[in-house]
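Trainee: I have the sequence and the coordinates open. How should I begin reading them?

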Amino acid sequence: MAYDWTQPPRGQAVALVSVYDIENNAVRQLAAGLRAAGRRVLEVYFKDWRNNRFEEPIDAELKALTRVLAEQGAGLVAISLRASAYEGVARQLAAYIRAHTGLPVVVGGWHATVRPESVIAFADAIVRGEADETFPVFVQRFFSHDPELARSPGTWVRHGADVEQNAPAARPAVLDRLPWRDYTHADKWVIDRHTVRRGDPMAGDPLHQVLCSLGCIQECSFCHNSFDDGSPGARLRFRSVSSVLDELAARRIANASIRRVRFDDEIFGIDRRWLREFAERYPKEVGLPFDFLTEPTVVSEEYATLLASAGAEWVHMGIQSTEEVNRDKLSRRANRETTLAAVERLTRHGIRIRYLTMVDIPGVTDEQKRALFEFFQSLPRPWDLYLFSLTHFPGSQMVEGLLRDGVLDPSEVEGAAHKTFSQYRVELSWPRDDADTWWIAMYVMQASGLVPRSLLSALVRAGVGRTATRPIVLAAHAATLAKTARVAARMARNGELTPTLVRRWWNPLAMVTM
Ligand code: SF4
């Protein structure tokens, strides 16, 4: 039954529920803004994710959630649904919360933006697009009993059998005006298995992740950036360097355990003037080693020089596949020459590269898989390989095109499907055909740095183990295990190995490749 918005709120707090995501930036940022406006906010981190393993919510967790809502005086519940695969969990939570508390449930986040019809079917309202400026308006109208609630910008609101569909609101234009994420407030709960802990789960984390910009200059067909939600305003926006550095300085004071910063921008430092100022100030004002994400087409000599001088240690560089596959199947621009030039520059400046690469792309030929192997053979060692399995995320150009052409069934798209529960980062134990498993095992041994290149070339030339892959897979497992041990030892030495990381990633029966 639809929520009756004309009744007065049952409590005065708004609860923000993060689903399987204890790092959720959006929840912390929204909480900070709402608290600054005088609203009591309950942050609930409902379960954490475990790589390639999914645990259904258990009764104890659902009861703990509704107990927190009731005891803390929640009047409105908002679920942050970023990953499409958790749509079913959000539906279950919404139904449970409504049945046991009678509170209205709003759903926001990426999945509500790309699949609003699907989400409004189980929510009382949804917030589409970036919610930093729209959700506070909805909250204010809800608690002040404003008759304009159903016309809140950027929302869809269910009343009776109808849904009021409001137009997308403009994206926040000035990111510096958005509040910094709140890590310190006491009104935070983590509910996971049979435990309920009070406090922010990331408050003492040695890795601090931060965004300096939103949006991307590319529109790779498989990526969420190829989806336009119709919100007016520029998609690519930057914070000022001062805003970023001031926030980092404040976090260092609040959390003495921070050892490393990760800039999670889609492509870090694409504005050259911004990057020059950052490179000048970051070493003096923050000075922590940092990682960043990039893409080969932006890696000029100046870019690599500035990042090295600022203290960059690791770069996550998306290469995805070979030039031909990138161009024909993924709408990516970087060719082989550009990519190798980026590799040479970053390596010469001492920045170690983690290559983000995608496999399980339908229609990729054996020759193209061999070309990827040859590309990896040409890379200077050491390097790391973050292998991802192509996943059909709703809204991406690739998926919407395949759906239109009838090549893909809606049941194969995340939300209805849950591939990310079992195969996001690649594991060799996942069922795929022998040829693919064999190539992946070869890539993994290349990245391990333990097997001589000449031996790998000989194995590939002779096709050793192609039809009976077990020995090659076992060798790749051994290489992965050795590399995992090395990485874990280094992180432990640096104070960066946390129980959260171990819980998420350690699974000796299904080692994630690296
Ligand atoms: S460069 Fe990366 S973030 Fe940007 S559209 Fe491509 S895959 Fe997405």
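Mentor: Begin with burial: a residue is buried under 20% relative accessible area, exposed over 50%, and partly exposed in between, using a 1.4 Å probe and protein chains only. This is a predicted model, in which local features need pLDDT of at least 70 and side-chain atom pairs count only at pLDDT 80 or more, while totals for chains, interfaces and linings use all residues. Residues are numbered from 1 along each chain as its sequence is written, and side-chain values use heavy atoms, with hydrogens and water left out.

Trainee: Is Ser396 buried or exposed?

Mentor: Ser396 has a relative accessible area of 1%, so this serine is buried. Helices (H or I, at least four residues) and strands (E, at least two) are DSSP runs numbered from the N terminus. In those terms, Ser396 sits in the loop between strand 17 (384–389) and helix 13 (397–404).

Trainee: Which residues is Ser396 in contact with, leaving aside its neighbours within four places in sequence?

Mentor: Contact means heavy atoms within 4.5 Å. With those neighbours within four places left aside, Ser396 is in contact with Ser221, Phe222, Cys223 and Ser226. There is also a polar contact to read, that is, a pair of N or O atoms within 3.5 Å; within protein, one must be able to donate a hydrogen and the other to accept it, and residues adjacent in sequence count only if both atoms are side-chain atoms. Here a polar atom of the Ser396 side chain lies 3.2 Å from the backbone oxygen of Phe393.

Trainee: Strand 17 was mentioned. What is the strand order of the open sheet of six strands?

Mentor: Two strands pair if DSSP finds at least two bridges between them. The six strands run in the order 10-13-14-15-16-17, and the pairing is parallel. Strand 10 (207–210) and strand 17 are at the edges with a single partner strand each, so one side of each has no neighbour in the sheet. From one strand to the next the twist averages 20 degrees. For such angles, axes are lines fitted to C-alpha atoms, for helices over the stretch in contact, and the values run from 0 to 180 degrees between N-to-C directions.

Trainee: How many bridges pair strand 16 with strand 17?

Mentor: Strand 16 (residues 352–359) pairs with strand 17 over six bridges, in the parallel sense. Within that pair, Tyr355 has Leu385 in strand 17 as its bridge partner. Helix 9 (residues 301–310) packs on this sheet, touching strand 14 (290–294) and strand 15, and its direction makes about 160 degrees with that of strand 14. Helix 15 also packs there, touching strand 16 and strand 17, at about 155 degrees to the direction of strand 17.

Trainee: What is the order of the nine strands in the other open sheet?

Mentor: The order is 7-6-5-4-3-1-2-8-9, with mixed pairing. Its edge strands are strand 7 (162–165) and strand 9 (195–198), each pairing on one side only. Strand 6 and strand 7 are antiparallel and joined by four bridges. They form a hairpin with two residues between them, and Gly160 in the turn has a positive phi of about 60 degrees. Strand 8 and strand 9 likewise form a hairpin with two residues between them, where Arg193 in the turn has a positive phi of about 55 degrees.

Trainee: How many residues does the largest nonpolar core have?

Mentor: A nonpolar core is a set of buried Ala, Val, Leu, Ile, Met, Phe, Trp, Tyr and Cys residues joined through side-chain atoms within 4.5 Å. The largest has 66 residues, and those with the most contacts inside it include Phe263, Phe268 and Met317. Helix 15 (residues 434–448) gives the most to this core, with nine residues. Another core, of 38 residues, lies apart from it, with Val17, Leu93, Tyr96 and Val107 among its members.

Trainee: Which residues of helix 10 are buried?

Mentor: In helix 10 (residues 323–330), Val325, Asn326 and Leu330 are buried. The arc is that of the directions from the helix axis to the C-beta atoms. Down the axis of helix 10 the buried residues fall within an arc of 100 degrees, so they line one face of the helix. Their cover includes strand 15 (312–320), helix 12 (366–377) and helix 13.

Trainee: Where is Pro382?

Mentor: Pro382 is in the loop between helix 12 and strand 17. The peptide bond from Arg381 to Pro382 is cis, with omega near 0 degrees.
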